[in-house]
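Here is a walk through one structure, taken piece by piece. Keep the viewer open and follow along.

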Amino acid sequence: MSKEVKNVEYGLEKIFEGAKDFLPLLGTDYVEFYVGNAKQSAHYYKTAFGFQSLAYAGLETGLKDRVSYVLKQDKIRIVLTTALKSSSPIGEHVKKHGDGVKVIALWVEDARKSFEETTKRGAKPFMEPTVEKDEFGEVVRSGIYTYGETVHMFVERKNYKGTFLPGFKEWKSDYNPTPVGLKFIDHMVGNVGWGEMNATVKWYEEVMGFVNFLSFDDKQITTEYSALMSKVMSNGNGRIKFPINEPAEGKKKSQIEEYIDFYESQGVQHLALATDDIIKTVNELKARGVEFLPPPPQAYYDEIPKRLGTHRDMMKEDIKELQKLSILVDADEEGYLLQIFTKPVEDRPTLFYEIIQRMGAKGFGAGNFKALFESIEREQAKRGTL
Ligand code: FE2
């Protein structure tokens with residue numbers, strides 16, 4: 001059973017009882033990136049992150065304006081899309097933002113109703129409900145804009161048996177690197193501009209029926225140089241979690257501001273991918289060339305037993321081994337978690353990944369924020385953007 005389902009069993013439904021059920025979400029359906037060269041990006045995600053070839057659409061399947069590669073690892077599905085002509089919204093998107101997340105697609109029972117309920121509450125439409133069909137059945141999709149140019153697509157696939165979506169063909173490849181143990185998307189974080197966080201939180205509450213179940217102010221997320229604020233939004237069953245970050249005043253430039261300068265708008269900052277063996281997963285990722293943020297100082301690892309508190313005995317991992325891999329550790333009342341962050345995966349300092357293993361903890365590593373942000377600031381200083 002997946003961890004996101006277990007959340008409900010742990011009693012999180014109490015926290016989410018304020019959430020409204022006009023938009024029942026079954027899970028994340030896929031995440032679509034608009035990129036400069038989908039063929040090469042697909043090779044990177046296969047080689048470095050262990051994704052598997054799943055489906056393809058392009059000139060060979062009758063498309064004229066774009067190419068999309070779909071990759072999969074356990075429950076995670078990503079789509080990499082490139083424009084074939086400069087005069088397309090996809091080409092424009094890449095020109096402005098560089099490679100980045102365009103669509104966070106949510107799996108729903110009823111895509112028409114999802115569109116109706118959210119647009120009635122003020123969502124800006126991206127795509128009217130659209131039925132797509134092939135010999136495997138039909139899929140209904142609709143979409144709305146969220147922060148920046150990012151989109152939530154609603155996907156209703158109960159009458160579909162094909163590989164991915166109508167119009168895609170199965171992608172069989174002779175090159176199949178093994179998976180690295182990534183299981184599902186734990187959370188996806190959005191960066192918004194100065195003064196925009198509360199409006200975004202309100203949007204998720206009113207338009208999507210989400211609840212704000214955790215908040216961190218700039219006193220909690222601060223280093224000597226910079227600060228940020230963060231609020232975590234969740235849907236009613238706790239399967240979809242979207243932390244929202246806003247920069248805060250500090251002596252130097254916030255990493256959120258750096259992101260917005262280079263993405264040239266609000267957008268997705270990181271995807272947290274869950275594993276149940278972070279040591280094995282991170283060893284694999286490193287061997288395949290994925291670059292992670294540098295480790296925190298020795299003092300950080302010396303303090304881990306204290307931070308674990310009563311969960312100290314349940315920790316199976318060896319602290320020395322975690323330190324060797326730069327993995328961070330945090331704990332809350334319910335357990336502990338292990339996490340690590342990659343460097344940005346494109347040339348602009350924008351999107352990066354988190355690898356996370358939850359051992360009961362429900363938080364987002366608040367105890368690691370300081371160490372993490374100091375690592376990010378050391379990277380920002382190298383880029384001249386601190
Ligand atoms: Fe995260």
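Is Ser326 buried or exposed? With a relative accessibility of 9%, Ser326 counts as buried. Keep in mind that this is a predicted model.

**Odd backbone angles**

Ser326 is also worth a look for its backbone: its phi is near 65 degrees, a positive value in a residue other than glycine. You'll find Ser326 in the loop between helix H10 (319–324) and strand S15 (328–332). Glu264 does something of the kind, with a positive phi of about 60 degrees although Glu264 is not a glycine. Glu264 sits in the loop between helix H6 (255–263) and S14. At 43% relative accessibility, Glu264 counts as partly exposed. Then there's Gly209, which takes a positive phi of about 75 degrees just after H5.

| Residue | Phi | Place |
|---|---|---|
| Glu264 | about 60 degrees | loop between H6 and S14 |
| Ser326 | near 65 degrees | loop between H10 and S15 |
| Gly209 | about 75 degrees | just after H5 |

**The iron site**

Which residues hold the iron ion? His187 and His270 each coordinate through NE2, and Glu354 does so through OE, at 2.0 to 2.2 Å. Along the sequence, these donors follow the spacing H-x82-H-x83-E. His270 belongs to strand S14 (residues 267–275) and Glu354 to strand S17 (residues 352–359), so this pair ties together parts that are 84 residues apart in sequence. As for accessibility, His270 counts as buried at 7%, and Glu354 is buried too, with a relative accessible area of 1%.

**Two helices with a buried side**

Helix H5 (residues 197–208) has 12 residues and reaches 16 Å from its first C-alpha to its last, close to the 16 Å expected at 1.5 Å a residue. The buried residues in H5 are Met197, Thr200, Val201, Trp203, Tyr204, Val207 and Met208. They cover an arc of only 160 degrees around the axis, which puts them on the same side of H5.

Now to helix H2 (residues 38–47), where Ala38, Ser41, Ala42, Tyr45 and Lys46 are buried. Their arc around the axis is only 135 degrees, which puts them on the same side of H2. Lys39 and Gln40 are exposed, on the face of H2 turned away from the buried side. What covers the buried residues of H2? The cover includes strand S1 (25–34), strand S2 (52–57), strand S3 (66–73), strand S4 (76–83) and S17. H2 lies across S1, S2, S3 and S4, and runs at about 155 degrees to S4.

**The sheet**

Those strands bring us to an open sheet of 9 strands with mixed pairing, in the order S6-S7-S8-S5-S1-S4-S3-S2-S9. At its edges are strand S6 (125–134) and strand S9 (169–170), each pairing on one side only. S6 pairs with strand S7 (residues 137–145) in the antiparallel sense, over 7 bridges. Within S7, Ile144 stands opposite Pro125.

**A proline in a helix**

One last stop is Pro305, which lies in helix H9 (residues 304–308). Pro305 is partly exposed, with a relative accessible area of 23%. Leaving aside its neighbours within four places in sequence, Pro305 is in contact with Arg312 and Ile319. Gln220 is 85 residues from Pro305 along the chain, and their C-alpha atoms are separated by 21 Å.

Terms used: Residues are numbered from 1 along each chain as its sequence is written. This is a predicted model: local features need pLDDT of at least 70, side-chain atom pairs count only at pLDDT 80 or more; totals for chains, interfaces and linings use all residues. Side-chain values use heavy atoms; hydrogens and water are left out. Donors are N, O and S atoms within 2.8 Å of the metal (3.2 Å for Na, K and Ca); water is not among the atoms, so sites may look incomplete. Helices (H or I, at least four residues) and strands (E, at least two) are DSSP runs, numbered from the N terminus. Buried means under 20% relative accessible area, exposed over 50%, partly exposed in between (1.4 Å probe, protein chains only). The expected span of a helix is 1.5 Å times one less than its number of residues. The arc is that of the directions from the helix axis to the C-beta atoms. Contact means heavy atoms within 4.5 Å. Two strands pair if DSSP finds at least two bridges between them. Axes are lines fitted to C-alpha atoms, for helices over the stretch in contact, and angles run from 0 to 180 degrees between N-to-C directions.
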